[in-house]
Amino acid sequence: MKFIDNKGITDPMVNLAIEEYILENFGEKDTYLLFYINKPSIIIGRNQNTVEEINTDYVDEKGIKVVRRLSGGGAVYHDEQNLNFSFITKDDGNSFQNFAKFTQPMVDAMNKLGVPAEMQGRNDLAVQGRKISGNAMFSTKGRMFSHGTLMFNSELEELTKALKVKKIKIESKGIKSIRSRVANISEFFEEKITMEQFKEIILKHVFDVEDLKDVPEYVLTDDDWEKIHKISKNRYQNWEWNFGKSPAFNVQETHKFDAGLVDVRLDVKKGIIENCKIYGDFFGIGNVNELENRLIGVRHQRKAIEDVLEDFDVSHYLGRISKEDFINLLY
């Protein structure tokens, strides 16, 4: 495994481009670890409806950047006191959805610091029942990444003001508010340390070294950086990618499954599905547009939907949500 230094960049539109570039060009033979810290921003899950996840007025007033990532899952708030980590590696067919494989090094490092962190739910790390880390994954062309947040000392009040969390998600977790559920890792330290010290401790633990100079590293070249900035410009600085257009719909069905929230919008005219959009924080491998396109032109009737999806692997697109559950949601 090798570490990649992002040179202290705090622009999420560049940091996500670094991650994508590494994914597209490395990871077949070796595993890479990337750290990055973003200035105040909201990072939207690949399949979410951006305008429904953010408090637009507050975000605009504060100049908070809003950027969509490649991976599924829910929207997260980043700031300079939140450490993001990303493991980029070969997709061996057994690692996607196995969050414990990639979060365990972080859990062990924090346990070593006296912070009783543990895996909770499908993709979170928590301390004493309070969330300190959310994680997501993306897979393509035999490679994948598993990335996550480590809320070291984030402005949690800003998080609650900037994000607009669906009531159904709060209720499904049996809590009164998002603020009551989250915590900063720094709250659990017996002795206070800085973010830089925290990064060093995590890095040394992951690579099992006593000195940072012993951490094996891949140094990004000028050619690498040129291609990274091109990705940033073409995708992460693109309004269509980050926000997109919300299509008209007259049927909406939403359900919070154990494997994630699925929100289906249909535009049905004269009994025919003329448009379909599937939002949510689920973790699938395939591009959900393929599932949406499969339903366009189909009669809005259970038997017709069952027929068109008969030989279609719904779980490939929605993760651990079965075809039967999806059809029950639709009709």
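## Sheets, a helix pair and two pockets

Strands β11, β12 and β13 form, in that order, an open three-stranded sheet with antiparallel pairing. Because β11 and β13 stand at the edges with a single partner strand each, one side of each is left without a neighbour in the sheet. Neighbouring strands here are turned by 15 degrees against each other on average, direction ignored. Helices (H or I, at least four residues) and strands (E, at least two) are DSSP runs numbered from the N terminus, and two strands pair if DSSP finds at least two bridges between them.

This is a predicted model, in which local features need pLDDT of at least 70 and side-chain atom pairs count only at pLDDT 80 or more, while totals for chains, interfaces and linings use all residues. Residues are numbered from 1 along each chain as its sequence is written, and side-chain values use heavy atoms, with hydrogens and water left out.

Within the antiparallel sheet, β11 and strand β12 (residues 260-269) are joined over seven bridges. Histidine 255 stands opposite valine 262 in β12. Helix α13 (residues 323-330) packs on this sheet and touches β11, β12 and β13; its direction makes about 140 degrees with that of β11. Contact means heavy atoms within 4.5 Å; axes are lines fitted to C-alpha atoms, for helices over the stretch in contact, and angles run from 0 to 180 degrees between N-to-C directions.

Another open sheet has three strands in the order β4-β3-β5, with mixed pairing. Its edge strands, β4 (65-68) and β5 (76-78), each pair on one side only. The average turn between neighbouring strands of this sheet is 25 degrees, direction ignored. Strand β3 (residues 41-44) pairs with β4 in the parallel sense over four bridges, and isoleucine 44 has arginine 68 in β4 as its bridge partner.

Helix α1 lies across β3 and β4, running at about 20 degrees to β4. Helix α1 (residues 12-25) also packs with helix α8 (residues 222-236), at an angle of about 115 degrees and with the axes 8 Å apart. The residues of this contact divide into ten nonpolar, two polar and four charged. Here Ala, Val, Leu, Ile, Met, Phe, Trp, Tyr, Cys and Pro count as nonpolar, Asp, Glu, Lys and Arg as charged, and the others, Gly among them, as polar. On the α1 side the contact includes Met13, Leu16 and Tyr21, and on the α8 side Trp225, Ile228 and Arg235 are among the residues met.

The two pockets below were found on a 1 Å grid over the protein atoms alone: a pocket is an open set of points where a 1.4 Å probe fits, with protein on both sides within 12 Å along at least five of seven lines, and lining residues have an atom within 4 Å of a point. Grid points are joined across faces, edges and corners, and a volume is the space filled by probe spheres set on the points.

| Pocket | Volume | Lining by class |
|---|---|---|
| Largest | about 760 Å³ | 14 nonpolar, 14 polar, 13 charged residues |
| Second largest | about 360 Å³ | five nonpolar, seven polar, six charged residues |

Of the 41 residues lining the largest pocket, Gly74, Ala75, Val76, Asp124 and Lys131 are the closest to its centre. Elements giving two or more residues to the lining of the largest pocket include β5, β6 (82-90) and β11 (251-257). The second largest pocket is lined by 18 residues, and Arg46, Arg68, Trp241, Lys277 and Asn289 lie nearest its centre. Two or more residues of the second lining come from each of α9 (239-242), β13 (272-280) and α10 (288-295).
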